[in-house]
Amino acid sequence: MNALSDLRLGARPSGRTALAARWIVAHQDGGHRLLENGEVVIEKDRVIFTGPRFPGEVARRIDLGEVLISPGFIDLDALSDLDTTTLGVDCGPAWAKGRVWPQGYVERGPYEMYTPEELAFQKRFAFAQLLMNGITSALPIASLFYREWGETVAEFEAAAAAAGELGLRVWLGPAYRSGGMVCTAPGVLEPRFDEARGLRGLEDAVGFIRRTSGSFEGLVQGMLAPDRVETSTQTLLSRTMAAAADLDVPVRLHMAQGQMELDTLRALHGTTAPRWMAGFGALNDRLIAPHAVLADETDLALYADHGVTVAHCPLVFARSGAMLRSFARLRAMGIRIGMGTDTAPPDMVLNMAVGVMMARMAGDRIDEAAPQLMFDAATTGGADALRRSDLGRLEPGAKADIAVFDMSDILMAPRVDPIRTLVLGATGRVTRAVFVDGRLSMRDGQVAGMDMAEARVRVQRQFDGLVDKYPDRTWGHPPVAEIFPGSYPAFSPPSRS
Ligand SMILES: [Zn+2]
């Protein structure tokens with residue numbers, strides 16, 4: 001009798017491995033199908049069989065029992081740092097809470113709030129969290145607010161090594177920008193540009209991609225990631241698109257996502273980001289654009305016409321009362337939708353659950369916002385955006401990127417249809433195992449070469465250190481307790497009388 005525990009964590013099992021399960025999301029005739037009491041057989045980095053029972057020889061057959069074997073999720077906006085949006089979501093406005101640099105901080109000279117070691121460690125930790133949530137492909141995103149300027153090549157070299165060692169498929173490129181927003185008076189936000197610095201960032205990113213793309217047996221691929229449309233110049237974006245075509249890599253750029261962006265674009269260019277981009281030929285099918293929650297009809301029509309993919313991250317927006325309007329409308333317009341986590345917890349299942357609920361609140365019919373449609377977006381939608389027909393599906397020839405979800409979880413009982421149960425259950429904590437490129441990258445919450453319990457303690461210390469530095473870059477430099485007041489007032493010890 002073979003078990004998952006017989007396999008070596010972080011390694012690719014030798015020979016053929018048959019994984020038997022009560023349910024498998026198998027691909028057939030261009031779509032996902034539910035296969036009950038079947039097998040997936042993997043060999044090296046590939047799936048070689050899906051079906052009732054593999055007739056050929058296998059080195060081992062592992063019966064996983066009452067689980068759902070699924071293609072691993074593809075996260076187009078994958079949380080890759082210690083999330084700071086959770087700090088601010090209940091403590092606004094952003095300009096008063098260290099989310100926009102105050103003039104004084106800029107004049108003194110912005111600085112890195114984490115050391116290079118801390119930056120490397122938090123990416124490794126975040127990558128492990130993604131694996132724990134059934135995510136096998138990730139396009140990392142991190143905030144630049146606590147950075148000196150953009151992301152660095154050195155930290156991305158460390159990130160590539162972390163992905164290679166842990167066994168996570170990633171699209172990497174240090175984020176760059178030609179400007180930043182500055183708070184010049186309470187509530188007054190202005191962009192400040194340094195185009196040369198942005199162009200150097202692009203050049204560094206191109207160099208990084210040329211050196212790193214394809215490393216770790218292809219686990220690491222390149223991506224160009226200009227950070228936010230409102231802090232990019234036309235030259236930067238034009239050159240980004242030209243470089244992307246040259247390198248054959250995707251571009252991810254946040255737009256149609258926030259009021260500050262809308263106001264800044266209107267002031268600078270007199271229009272919306274999608275219209276501005278279309279005007280100089282920078283909208284195309286390489287572009288992955290989080291989050292489209294503020295895209296209007298014309299913006300969306302431009303996305304549809306130019307093959308832009310929307311990275312849909314419902315959780316982070318639902319928390320502040322915003323939503324994509326709407327999932328079904330975008331689909332009906334022919335816009336490709338992939339999913340992203342973007343915030344803590346980086347939980348794709350939770351995002352699918354919130355996605356279903358928010359779409360229905362936005363007016364989508366029940367069948368237009370069904371769990372399986374979110375599931376498509378989180379698997380084949382992302383794969384198509386990345387032009388990878390070997391990802392996001394389990395069929396012979398596809399990559400062995402697999403997530404195993406526990407369907408016997410007591411808190412989810414009783415089960416109905418496995419996809420509906422998973423999405424209604426709304427948590428990725430039922431992820432039991434993950435294979436990436438045929439390697440067992442995660443099993444029962446453990447990843448290769450990292451003690452997650454120890455890592456959590458270190459992460460908390462590191463994050464607390466960052467929070468301590470918030471007054472430095474918050475308007476008026478109030479103490480932390482004023483920037484982020486507690487949910488309830490602190491308990492006062494009774495006075496002795
Ligand atoms: Zn985002």
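This report walks through the metal site, pockets, cores, cavities and unusual backbone spots of one predicted model.

## The zinc site

Start with the metal. A zinc ion is coordinated by Asp77, His254, His291 and Asp342. The two histidines each use their NE2 atom, and the aspartates use OD atoms. Asp342 appears twice in the list of donors. The distances run from 2.1 to 2.8 Å.

Now look at the sequence. The donor residues follow the spacing D-x176-H-x36-H-x50-D. The two histidines link distant parts of the chain, 37 residues apart. His254 sits in the loop between strand S13 (251–252) and helix H7 (259–269). His291 sits in the loop between strand S14 (287–289) and helix H9 (297–306). Are these histidines buried or exposed? His254 has 9% relative accessibility, so it counts as buried. His291 is buried too, with a relative accessible area of 2%. The cut-off for buried is under 20%.

## The largest pocket

The largest pocket has a volume of about 1200 Å³. Its lining holds 47 residues. Which of them lie nearest the centre? They are Thr85, Arg99, Phe145, Arg228 and Gln257.

Four elements give two or more residues to this lining: helix H1 (85–88), strand S10 (179–185), H7 and helix H10 (314–318). The lining of the largest pocket is mixed in character. It divides into 20 nonpolar, 16 polar and 11 charged residues.

## The second largest pocket

The second largest pocket holds about 630 Å³ of space. Its lining has 26 residues. Nearest its centre lie Phe125, Gln129, Met132, Pro345 and Pro346.

Helix H3 (116–132) and helix H15 (452–468) each give two or more residues to this lining. The largest share comes from H15, with 6 residues. By class, the lining of the second largest pocket has 12 nonpolar, 8 polar and 6 charged residues.

## Nonpolar cores

In soluble globular proteins, nonpolar side chains tend to be buried together. In this model, the largest nonpolar core has 112 residues. Phe127, Leu224, Met255, Met277 and Tyr303 have the most contacts inside it.

Take Met277 as an example. Leaving out residues up to four places away in sequence, Met277 touches Val229, Leu237, Met241, Leu253, Met255, Ala282, Leu283 and Leu287. There is also a second, separate core of 23 residues. Among its members are Leu9, Leu35, Leu64 and Ile69.

## Closed cavities

How many cavities of 30 Å³ or more are there? The count comes to 2. The largest cavity has a volume of about 80 Å³. It is lined by 13 residues, and those closest to its centre are Pro140, Ile141, Ala175, Ala225 and Arg252. The lining of the largest cavity has 8 nonpolar, 2 polar and 3 charged residues.

The second largest cavity has about 70 Å³ of space. Its lining includes Val293, His312, Cys313, Phe317, Leu324 and Met358. H10 and helix H12 (348–361) each supply at least two of the lining residues. H12 gives the largest share, 3 residues. By class, this lining has 10 nonpolar and 2 polar residues, with no charged ones.

## Unusual backbone spots

Most residues other than glycine have a negative phi, and most peptide bonds are trans. A few places here break those habits. The peptide bond from Pro290 to His291 is cis, with omega near 5°. His291 is also a zinc donor. Another cis bond joins Arg325 and Ser326, with omega about -5°. Ser326 is placed in the loop between H10 and helix H11 (327–332).

Where are the positive phi values? Arg228, not a glycine, has a phi of about 70°. Arg228 lies in the loop between strand S12 (220–222) and helix H6 (234–247). It is partly exposed, with a relative accessible area of 23%. Arg228 is also one of the residues nearest the centre of the largest pocket. His477 has a positive phi near 50°. His477 is found in the loop between H15 and helix H16 (480–483). At 43% relative accessibility, His477 counts as partly exposed.

How values were computed. Residues are numbered from 1 along each chain as its sequence is written. Side-chain values use heavy atoms; hydrogens and water are left out. Donors are N, O and S atoms within 2.8 Å of the metal (3.2 Å for Na, K and Ca); water is not among the atoms, so sites may look incomplete. Buried means under 20% relative accessible area, exposed over 50%, partly exposed in between (1.4 Å probe, protein chains only). On a 1 Å grid over the protein atoms alone, a cavity is a set of points where a 1.4 Å probe fits but cannot get out, and a pocket is an open set with protein on both sides within 12 Å along at least five of seven lines; lining residues have an atom within 4 Å of a point. Grid points are joined across faces, edges and corners, and a volume is the space filled by probe spheres set on the points. Ala, Val, Leu, Ile, Met, Phe, Trp, Tyr, Cys and Pro count as nonpolar, Asp, Glu, Lys and Arg as charged, and the others, Gly among them, as polar. A nonpolar core is a set of buried Ala, Val, Leu, Ile, Met, Phe, Trp, Tyr and Cys residues joined through side-chain atoms within 4.5 Å. Contact means heavy atoms within 4.5 Å.
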